[in-house]
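Reader: Hi! Could you take a close look at one part of this model with me, and tell me what surrounds it?

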Amino acid sequence: MNILLFDLENGSKTLGSKEAISKKFNLPVLSPSTFQQFQKTVGQLYAVEKKEVKVKVGSLDVTEERFETVIRDPKLSIDAVVIDTVSELSKKFQRSLLDAHGVMQLQSWGKLKNKLDAMLEFVTRLPGIVICNCHAKIQTMDSGENKVLPYIDGSTKEDISKWFDFVFYTKTVNYPDGTNKYVWQTTHTSMYDHAKDRTQLLDAEIEQNYQTVINAAKEKGYDGVKILVIGSPGTGKTYSLNSLNGFVTPKKTKQTTKKEPVKATTANGTTAVTQ
């Protein structure tokens, strides 16, 4: 599998040097320093083609105009695109909207929403696998309950999940012997509001392994997989990319007893385990 990684905040060091990642992913790591550079790079790699498709509706032939995103170079193969992270990409564009006093004017917030939505729509139409990592933040509701939200300023964070087939929240299960493992929360709860699995084939909590997700999408006949992963730093967002290309993420769990662990999720996504 050829994996194109956009490293926007040097998080790829979790996977090794850029040279090592290039050998593992079969493509170089790209690190655009501005939102505009990111747009330009993607535009150099992909083109949008308009096609007319005839659809049979009863006895009628209905002609639709459809847009398909394709790789400009037919000899180039890109099986997966990873953006690490959407949070930083959003901030890069947001910085370009600041006035001379470092403040965003009211009209700029609407521009931020429109630009991010257009970017997400384009990115999630790329062929193959698309993975967007996103930082998380805790918001306390009026009821006193905590909700984990994507760390993106503006209103895009409210409906970002609509662009994706899967939305996962990263969690860390900590064991009494000091070991841990990374898992994904895949189903909606009041705390993990955006979580979803369109295939409805995944367990509510799964170990962080992209092969499990890709296989579920294949079983449902998807022609591509669009995944959003939300989580705090150090909870496996980048580390789990090891599983994309057949490099299975090493298990970090080493239980010293056969008893089923009891888990209690804290507000920051960490799950404490007792026996």
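Author: Happy to! Let's start from Asn 245, bearing in mind that this is a predicted model. Leaving aside residues up to four places away in sequence, Asn 245 touches Met 1, Ile 3, Lys 24, Phe 25, Asn 26 and Gln 211. Asn 245 itself belongs to the loop between β12 (224-230) and β13 (262-265). Is this residue buried or exposed? Its relative accessibility is 17%, so Asn 245 counts as buried, the cut-off for that being under 20%. One of the residues it touches, Lys 24, also offers a polar partner: the side chain of Asn 245 reaches the backbone oxygen of Lys 24 at 2.6 Å.

For a second view of burial, turn to helix α2, which spans residues 35-45. Phe 35, Phe 38 and Val 42 are its buried residues to look at here. Around the axis they cover an arc of only 55°, which puts them on the same side of α2. On the face turned away from that buried side, you will find the exposed residues Lys 40 and Gln 44.

Helix α2 also has a packing partner, helix α3 (residues 86-95): the two meet at an angle of about 115°, and their axes are 8 Å apart. From α2, the contact is made by Phe 35, Gln 36 and Phe 38, while α3 brings Leu 89, Lys 92 and Phe 93. Sorted by class, this contact has 4 nonpolar, 1 polar and 1 charged residues. Phe 35 and Phe 38 thus appear twice in the picture, as buried residues of α2 and as part of its contact with α3.

Definitions and conventions
Residues numbered from 1 in each chain as written. Predicted model: local features only at pLDDT ≥ 70, side-chain atom pairs only at ≥ 80, totals over all residues. Heavy atoms only, no water. Buried < 20%, exposed > 50% of the residue type's maximum accessible area, 1.4 Å probe, protein only. Helix = DSSP H or I, 4+ residues; strand = E, 2+ residues; numbered from the N terminus. Arc of directions from axis to C-beta. Axes fitted to C-alpha atoms, helices over the stretch in contact; angles between N-to-C directions. Contact = heavy atoms within 4.5 Å. Nonpolar A, V, L, I, M, F, W, Y, C, P; charged D, E, K, R; others polar. Polar contact = N/O pair within 3.5 Å; in protein donor to acceptor, adjacent residues only side chain to side chain.
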